[in-house]
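I opened my notebook to look up how the parts of this complex meet. Here are my entries, in the order I made them.

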Number of protein chains: 2
Amino acid sequence: MTAAGPEPSDPGRTDARLSPEADRVRSELVTRLLRLDERSDSLVSVIAEWIARGIIEGRLQPGHDLNSVDLAERFGTSRTPVREALMLLEKEGLVETPPRRRPQVSTLDLRVVEEVYQLRAELLALVALRVAERARPEQLAQLREDLAAMEDAAARRDLDAYFWANVAFHERAAHVADDLTLKRTLDSLGARVLQLRHFSLSLPGRMELSLEDHRRLVRAYEEGDGPLAAALSRSIINAALQAIRESGWTKGSVDRRDDASQPPAVTESSK
Amino acid sequence: MTAAGPEPSDPGRTDARLSPEADRVRSELVTRLLRLDERSDSLVSVIAEWIARGIIEGRLQPGHDLNSVDLAERFGTSRTPVREALMLLEKEGLVETPPRRRPQVSTLDLRVVEEVYQLRAELLALVALRVAERARPEQLAQLREDLAAMEDAAARRDLDAYFWANVAFHERAAHVADDLTLKRTLDSLGARVLQLRHFSLSLPGRMELSLEDHRRLVRAYEEGDGPLAAALSRSIINAALQAIRESGWTKGSVDRRDDASQPPAVTESSK
DNA sequence: CCCCATGTTAGTGTCGACACTGTGCGTCGG
DNA sequence: CCGACGCACAGTGTCGACACTAACATGGGG
């Protein structure tokens, strides 16, 4: 409540048992997903990324209060960069800011979830089509690598690792499709439901099915079978959506790990 | 240069010969396209909308300097709301803000234009599909009304009026499709190239062709022929894109009317 | 004459302050 | 005992100020 002062240097920022390397990779993924790299000012980026990860990883639940003064204190900055970060996240749909009220973590209702998933299905189909038709050999190799990471994580039954590997895989595919607009649109949609994507993978059997689908997808890429790849992509998304539907998902039932661990103070860092 | 004070009340804000009613309607369209209504604070909205319209209507050319202190002076506010407005527009792709440099009006290069148009073609096809399949009679009537406005404008050879009527038509269709996510995605993409959409309609013969296509599209809607409506939508966009390509469009060749007329001072208004 | 260093200036990013508004609580009247 | 009213607090939106940086102009050296 008082002035933050020098924060405890590295308070198990996310999962205690997470290699710094993996943590860094995930940060970068989030950063790219939110296009934070374009904006140079590190303050805003750091703050936005921290909040975004909090939301995605379930540390910050839908409806959670995000008042700028608290956050500013936490980060040891003024409210200005915090407000910018919140605006940014609002545009991405992660945060809602009612008129003169406190910003809060967006509440996903099933309806928009369905919309987002369906739209993502279409867009991913477009991506798949292009990847299958235009991917160069070394790009296919990269995709195989990403798939390998997924295999690896699945073998270890490491949900988090699998989840992020999956995100990276799609990120790669979108990149290979070589259409920045499409990629950004997809990233933006995807970011909104990242939390749910994580959740859906946690449902029993989903990880295995997902892995299988992605294996097949890569094969379709390698065979240059665009229509198949597109159909598979649609199916992957639809399966995830169906799983969510059947799980009786509501905004409350997402996995919660509610240590609201301390964010990194940016006072001296990031120079 | 000095404090703004009470600005000359209504300095031919856009086109001198434009009914206040039409002006208001266009403002509202822009506002909705940019989802400014969600954000209540009128300062930011007013500023963002003014800049956006400036860009769309060609008053502010790509590359045009948008430094916050000038704008703040113009609007008689501090820089804070201006900066917010600029951030907002940056997210919409209308403005670019290099790290520590001045923000400027985004430069469209042909590549992203192609990407945006192609993506829009796909999304509009989705919209068309749903409209054709699900539109209720009174919604069809509304679409017919919007089409009538286009007919009317075309008959008067009023490019601006036709352009905005067209925007309104698509807005309506997206609304009827009843998919908020899709609509927003489409709006966001559309906003980026509004300037170009205007330009492409100004090319010889384009307005007539566009009108014809839209007439046919509405008929497809009425006949409930989804696939046809989708195909027509794609065609409409592709034709526009093709026209732009053939016009040898480059960032310079957009129609310019470079009176940088005074924005409305918001000092006392908007209470 | 051109190129590089230096000083100047304009503009950004950030801060702390202030007024206004929404929220929750206590109080008062029924 | 319950509900309306009003008050105090919390938090937002906005402002003006400040340090720092990029761009530009100026002058000196090659």
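**Entry 1: the surface near DNA strand C**

I sorted the surface near DNA strand C by class and got 5 nonpolar, 5 polar and 9 charged residues. For this sorting, Ala, Val, Leu, Ile, Met, Phe, Trp, Tyr, Cys and Pro count as nonpolar, Asp, Glu, Lys and Arg as charged, and the others, Gly among them, as polar. A residue is near a strand if one of its heavy atoms lies within 4 Å of it.

Before going on, I noted that this is a predicted model, in which local features need pLDDT of at least 70, side-chain atom pairs count only at pLDDT 80 or more, and totals for chains, interfaces and linings use all residues. I also noted that residues are numbered from 1 along each chain as its sequence is written, that chains are lettered from A and ligands numbered from 1 in the order in which they are written, and that side-chain values use heavy atoms, with hydrogens and water left out.

Which residues come nearest to DNA strand C? I found S78(A), R101(A), S68(B), R83(B) and P99(B), out of 19 residues around the strand. Of the strand's atoms that come within 4 Å of the protein, sugar and phosphate account for 67%.

Next I looked for polar contacts (a pair of N or O atoms within 3.5 Å; within protein, one must be able to donate a hydrogen and the other to accept it, and residues adjacent in sequence count only if both atoms are side-chain atoms). R101(A) has a polar side-chain atom 2.7 Å from a phosphate oxygen of DNA strand C. For R83(B), a polar side-chain atom lies 2.4 Å from a phosphate oxygen of this strand. P99(B) uses a polar backbone atom instead, 2.8 Å from a phosphate oxygen of DNA strand C.

Two or more residues each come from α4 (79-91) of chain A and from α3 (68-75) and α4 (79-91) of chain B. α4(A) gives the most to this surface, with 3 residues. Helices (H or I, at least four residues) and strands (E, at least two) are DSSP runs, numbered from the N terminus.

**Entry 2: the surface near DNA strand D**

I then turned to DNA strand D, which has 20 residues around it. S68(A), R83(A), P99(A), S78(B) and R101(B) come nearest. Sugar or phosphate holds 69% of the strand's atoms within 4 Å of the protein, and the rest belong to bases.

Where does R79(A) reach DNA strand D? I found a polar side-chain atom of R79(A) 2.9 Å from a base nitrogen. R83(A) has a polar side-chain atom 2.3 Å from a phosphate oxygen of DNA strand D, and R101(B) has one 2.5 Å from a phosphate oxygen of the strand. I saw that α4(B) gives the most to this surface, with 3 residues. By class, I listed 6 nonpolar, 5 polar and 9 charged residues here.

**Entry 3: where chain B meets chain A**

I looked up the contact (heavy atoms within 4.5 Å) and found 29 residues of chain B against 29 residues of chain A. The buried area, meaning the accessible area (1.4 Å probe) that two parts lose on being put together, summed over both, is about 2,700 Å², and carbon and sulfur atoms give 50% of it. In chain B, M87(B), K91(B) and T181(B) lose the most area, together 24% of what that side buries.

How many salt bridges does the rule find across this interface? There are 6, where a salt bridge is a side-chain nitrogen of Lys or Arg within 4 Å of a carboxyl oxygen of Asp or Glu. I looked at R111(A) with D178(B), whose closest N and O atoms are 3.0 Å apart. I also counted 10 residue pairs in polar contact between the chains (both at pLDDT 80 or more). The largest share of chain B's side, 10 residues, comes from α5(B).

**Entry 4: the two domains of chain A**

Last, I checked chain A, which is divided into domain 1 (20-105) and domain 2 (110-246); the bounds come from an automatic or database domain assignment. Their C-alpha centres lie 25 Å apart. The two domains bury about 1,400 Å² between them, 62% of it on carbon and sulfur atoms. In domain 1, R26(A), L33(A) and I56(A) lose the most area to domain 2, together 41% of what that side buries. I noted 0 salt bridges between these domains.
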